[in-house]
Amino acid sequence: AASKKLSTTIEQVFVRRPPPNFALGLTTPAFGKPSNTDYGQALRQWLRYVEVFERRGIPAVSLPPLDQDCPDAVFVEDTCVLFKDKITGEDVAVVCENMARERRPEVETMKEALLKQGFDNDHRPFDRIGVVDGEGEMLDGGDVLKCPVSNKVYVGLSSRSNRSGVDKLASLLPNHEVIGVPVTKVLHLKSCITALPDGRIIGYDPLVDDVDIFGGANNYLSVPEEGGAHVVILDDKTLLVAASAPRTADILDKEGYDLEIVD
């Protein structure tokens, strides 16, 4: 199934250890609090997640822990999304500055890391760093889904990202097609869909507002478990998949992907 080669390569990942008070993270009444509040288990799961990248030779850059005031700090992509411009080849970082007040320290440490670490493990600087910080602009990285084989970027119109934020992102990425999609059943777009290396969207239908937006059956793979929609691309043939989605893992295995299963 993975017939098209990825146009980008994972140079490094930014990570941050979950804080002991992670269960106090910001959410909305409709979506509730995390079902797992066992910090020891959460830390073991995170270490296993990081180990997958390191074992595959992908450096994991650890951001400084923010244990007291930022229970959401483990979700580093909420604060920043990294892009490869498919026309110019530029490496672009987009910082989501207009986060909730409680999360501003996360944004500041991410900005510092972007300037210090650069795009890859050789500290090559980003070609451009854009900021979503205008009046009324809301953008959360959890709502931003990049298509690995095209210039399409889907952005969830959720409680954390709005049309002004989508428009700002589009202005920062003039060579990308930025598409706003409705999100009302989950907190973030990537809570219900992610992408496969061949460009198809993988999603859990009961939580997707409008499946047809993603181009029909040839461009969308429906999976039977919520956790199955949360894949991470490691390379053009390998996916990181949640252990909570064994039926989805079977489907992806039959599609020809190699799988890293994590809890």
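Let me start with Asp205: setting aside its neighbours within four places in sequence, Asp205 is in contact with Val211, Tyr220 and Ser222. Hello everyone, and a word before I go on: this is a predicted model, so please hear everything today in that light.

Back to Asp205. Where does this residue sit? Asp205 is found in the loop between strand 10 and strand 11. Is Asp205 buried or exposed? Neither quite: Asp205 counts as partly exposed, at 33% relative accessibility. There is also a pairing with Pro224 to look at on your screens. Asp205 and Pro224 are 19 residues apart along the chain, and 8.2 Å separates their C-alpha atoms.

The loop between strand 10 and strand 11 is also the place of Gly215. Gly215 counts as partly exposed, with a relative accessibility of 45%. If you draw a line from Gly215 to Arg200, the C-alpha atoms are separated by 9.1 Å, for two residues 15 apart along the chain.

Keep Arg200 in view, please, and let us move to the pockets. The second largest pocket has a volume of about 190 Å³. Arg200 is among the residues closest to its centre, along with Cys147, Lys152, Gly199 and Asn219, out of 14 residues that line this pocket. What does the lining look like by class? The second largest pocket is lined by five nonpolar, five polar and four charged residues.

Now for enclosed space. Rolling a probe the size of a water molecule over the atoms shows where empty space is left. How many cavities of 30 Å³ or more does the structure hold? One. The largest cavity contains about 40 Å³ of space. Its lining is made up of Val181, Pro182, Val183, Leu189, Cys192, Val208, Asp209, Asp210, Ile213 and Phe214. By class, that is eight nonpolar residues, two charged and no polar ones. So the mix in the cavity lining is eight, none and two for nonpolar, polar and charged, whereas the pocket lining has five, five and four.

Cys192 in that cavity lining brings me to the cysteines. How many disulfides are there? With a cut-off of 2.5 Å between cysteine sulfur atoms, the count is zero. Cys192 itself is in no disulfide, and the nearest cysteine sulfur, in Cys147, is 16 Å away. Cys192 is buried, with a relative accessible area of 4%. Then there is Cys80. Why is Cys80 not bonded to Cys96? Because the sulfur of Cys96, the closest cysteine sulfur to that of Cys80, is 6.9 Å away, too far for a bond. Cys80 also counts as buried, at 5% relative accessibility.

On to the helices, beginning with helix 3, residues 163-172. Which residues of helix 3 are buried? They are Gly165, Val166, Lys168, Leu169 and Leu172. These residues are on the same side of helix 3, because they cover an arc of only 160 degrees around the axis. For anyone who wants the geometry behind that: an α-helix has 3.6 residues a turn, so residues three or four places apart point the same way. As for what they pack against, the buried residues of helix 3 meet strand 3 (80-84), strand 4 (91-96), strand 5 (128-132), strand 6 (144-146), strand 7 (152-157) and strand 8 (177-182).

Helix 4, residues 246-254, can be read in a similar way. Thr248, Ala249 and Leu252 are buried in helix 4. They cover an arc of only 100 degrees around the axis, and therefore they are on the same side of helix 4. Arg247 and Lys254 are exposed on the other side of helix 4. The cover over the buried residues of helix 4 includes strand 10 (201-203), strand 11 (220-222), strand 13 (238-242) and strand 14 (258-262). After helix 4 comes Gly256, with a positive phi near 100 degrees.

Before we leave Thr248, one long-range pair. Glu51 is found in helix 1, residues 39-55, and is partly exposed, with a relative accessible area of 31%. Glu51 and Thr248 are 197 residues apart in sequence, and their C-alpha atoms are 22 Å apart in space.

My last stop is a backbone angle. Most residues other than glycine have a negative phi, and most peptide bonds are trans. His123 has a positive phi, near 65 degrees, and is not a glycine. Where should you look for His123? In the loop between helix 2 (104-117) and strand 5. His123 is partly exposed, with a relative accessible area of 46%.

Thanks for listening, and I am happy to take questions.

Key: Residues numbered from 1 in each chain as written. Predicted model: local features only at pLDDT ≥ 70, side-chain atom pairs only at ≥ 80, totals over all residues. Heavy atoms only, no water. Buried < 20%, exposed > 50% of the residue type's maximum accessible area, 1.4 Å probe, protein only. Helix = DSSP H or I, 4+ residues; strand = E, 2+ residues; numbered from the N terminus. Arc of directions from axis to C-beta. Contact = heavy atoms within 4.5 Å. 1 Å grid on protein atoms, 1.4 Å probe; cavity = no way out; pocket = protein on both sides within 12 Å on 5 of 7 lines; lining within 4 Å. Points joined across faces, edges and corners; volume = space filled by probe spheres on them. Nonpolar A, V, L, I, M, F, W, Y, C, P; charged D, E, K, R; others polar.
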